[in-house]
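Reader: I should like to learn how to read the features of a structural model. May we work through one case together?

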Amino acid sequence: MKIDAINIREIQMQLVHPFETSFGRTTHRRILLVELRAEGLIGWGECTAGEHPYFSEESIDTAWTVLLNELAPALLAADYSHPGQCPHIFGKVRGNRMAKAALENATWDLQAQMEGISISHLLGGVRKTIPCGVSIGIQPSIAKLLDVVGGAVADGYQRIKIKCKAGWDVEPLEAIRHRFPEITLSIDANSAYRFRDADHLVTLDDFQLLMIEQPLWADDFYFHSLLQKRLETAICLDESIRNRRDALAAIEMESCRIINVKLGRVGGFSEAIAVHNVAHERGIPVWCGGMLESGIGRSHNIALSSLENFKLPGDVSASSRYWHEDIIEPEVTVSPKGVITVPQTPGRGFEVRTDLVEKLTTRKEEIRALQLV
Ligand code: OSB
Ligand code: MG
């Protein structure tokens, strides 16, 4: 496969509701999109790096530089036969997994279109529908939190996750459990606790949570394994899992009982499949995390979630929870039973609204293959 040209662009989109985590508050997103042009087709990719390097070392600006100067030229120079070769093509560049994922995922989108099959099919997906959860940010008050949780429950979501931090855990959980004793509930700390908080975290077992996500350091397995021994509640790792080896280490050390797979965090579809497989072989269920994606990243998350071991509801929610107007058509919708139907049409299964993308674009760059004469 020869790529003719690669476009990278930044768009700005305002969130319907601000999203607050233990590391900050997001009101609008700067999103980096990648377009691959080959044989009259366009493969799209989305970079999930944030505006700031808070969730990981990458930011949209580091990803922009690495894509422009390293990854896009490397892909244009390569003559690959399958998207699974991307990690090798990008192999010289260390880290920068969100930048790599943006480009690699676009090659899967393109490949699926060329073969006339869905991305889900190309990945080896088996699910026709995927179970959906929601991730609810830290709220200004308990009353507001109960309101938001109630809305998500009424919409049919199968699992509610709330963001927490020291000082925003016991009280919100007590309130939610009082009002909604039966719902499937989890929390995500985004590394807000320290191992010295273990006694406190043990008390959260009372809330019958499905899991507690990434309680400790983003680069840790050892202290998570000590903590997991003390908790009845399953630990789920997010930030700590960068690749298949990390997943294997975490499973072997019993640092977690569940894994959150994020395409950007692990560097794209190839590594996400590898993480999925290694967990599947060891009986560890996974689910698909979210990074407040636009419809393009969301469509890729849906395809990934169709793999067999995505047994738990993901943070793959309806477009309307994030955006007044999404950049794909149709928007992603969730049924009253809390599922998304996996598209079976060629490629990502959602059209990109190019006029709207153009309108939202704040910068754009084209990188073309060298024309040999
Ligand atoms: O830790 O899962 C996370 C959003 C930004 C950064 C990190 C996380 C999140 C979410 C949002 O939880 C999930 C979503 O896209 O709805
Ligand atoms: Mg998380």
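Reader: How many bridges join strand β8 to β9?

Author: A general point comes before the case. Strands of a sheet pair through backbone hydrogen bonds, in a parallel or an antiparallel manner. In this model, which is predicted, β8 (residues 211-213) and β9 run parallel and are joined by two bridges. Within this pair, I212 stands opposite I235 of β9.

Reader: What is the order of the strands in the open sheet?

Author: The open sheet has seven strands in the order β5-β6-β7-β8-β9-β10-β11, and the pairing is parallel. At the edges stand β5 (133-136) and β11 (286-288); each has a single partner strand, so one side of each is left without a neighbour in the sheet. On average, neighbouring strands of this sheet are turned by 25° against each other, direction ignored.

Reader: Which residues coordinate the magnesium ion (ligand 2)?

Author: A metal site is read from its donor atoms. For the magnesium ion (ligand 2), D188 (OD), E213 (OE) and D238 (OD) serve as donors at 2.1 to 2.3 Å. Their spacing in sequence is D-x24-E-x24-D.

Reader: Why does the pair D188 and D238 tie together separate parts of the sequence?

Author: D188 belongs to strand β7 (residues 185-188), whereas D238 lies in the loop between β9 (235-237) and α9 (244-252), so the pair ties together parts that are 50 residues apart in sequence.

Reader: Are D188 and D238 buried or exposed?

Author: Both D188 and D238 are buried.

Reader: I turn now to internal space. What is the volume of the largest cavity, and which residues line it?

Author: The structure holds three cavities of 30 Å³ or more, and the largest has a volume of about 70 Å³. Its lining includes E46, T48, A101, N105 and H300. Two or more lining residues come from each of α3 (97-115), α10 (263-266) and α12 (295-305); the largest share, three residues, is that of α12. By character, the lining of this cavity divides into two nonpolar, six polar and two charged residues.

Reader: How much space lies in the largest pocket?

Author: The largest pocket holds about 570 Å³ of space. Of the 34 residues that line this pocket, F19, F23, T26, M291 and L292 are the closest to its centre. The elements giving two or more residues to the pocket lining are β1 (5-21), β2 (24-38) and β6 (159-163), and β2 gives the most, with seven residues.

Reader: How do the residues of this pocket lining divide by character?

Author: The lining of the largest pocket comprises nine nonpolar, 13 polar and twelve charged residues.

Note on methods
Residues are numbered from 1 along each chain as its sequence is written. Chains are lettered from A and ligands numbered from 1 in the order in which they are written. This is a predicted model: local features need pLDDT of at least 70, side-chain atom pairs count only at pLDDT 80 or more; totals for chains, interfaces and linings use all residues. Side-chain values use heavy atoms; hydrogens and water are left out. Donors are N, O and S atoms within 2.8 Å of the metal (3.2 Å for Na, K and Ca); water is not among the atoms, so sites may look incomplete. Helices (H or I, at least four residues) and strands (E, at least two) are DSSP runs, numbered from the N terminus. Buried means under 20% relative accessible area, exposed over 50%, partly exposed in between (1.4 Å probe, protein chains only). Two strands pair if DSSP finds at least two bridges between them. Axes are lines fitted to C-alpha atoms, for helices over the stretch in contact, and angles run from 0 to 180 degrees between N-to-C directions. On a 1 Å grid over the protein atoms alone, a cavity is a set of points where a 1.4 Å probe fits but cannot get out, and a pocket is an open set with protein on both sides within 12 Å along at least five of seven lines; lining residues have an atom within 4 Å of a point. Grid points are joined across faces, edges and corners, and a volume is the space filled by probe spheres set on the points. Ala, Val, Leu, Ile, Met, Phe, Trp, Tyr, Cys and Pro count as nonpolar, Asp, Glu, Lys and Arg as charged, and the others, Gly among them, as polar.
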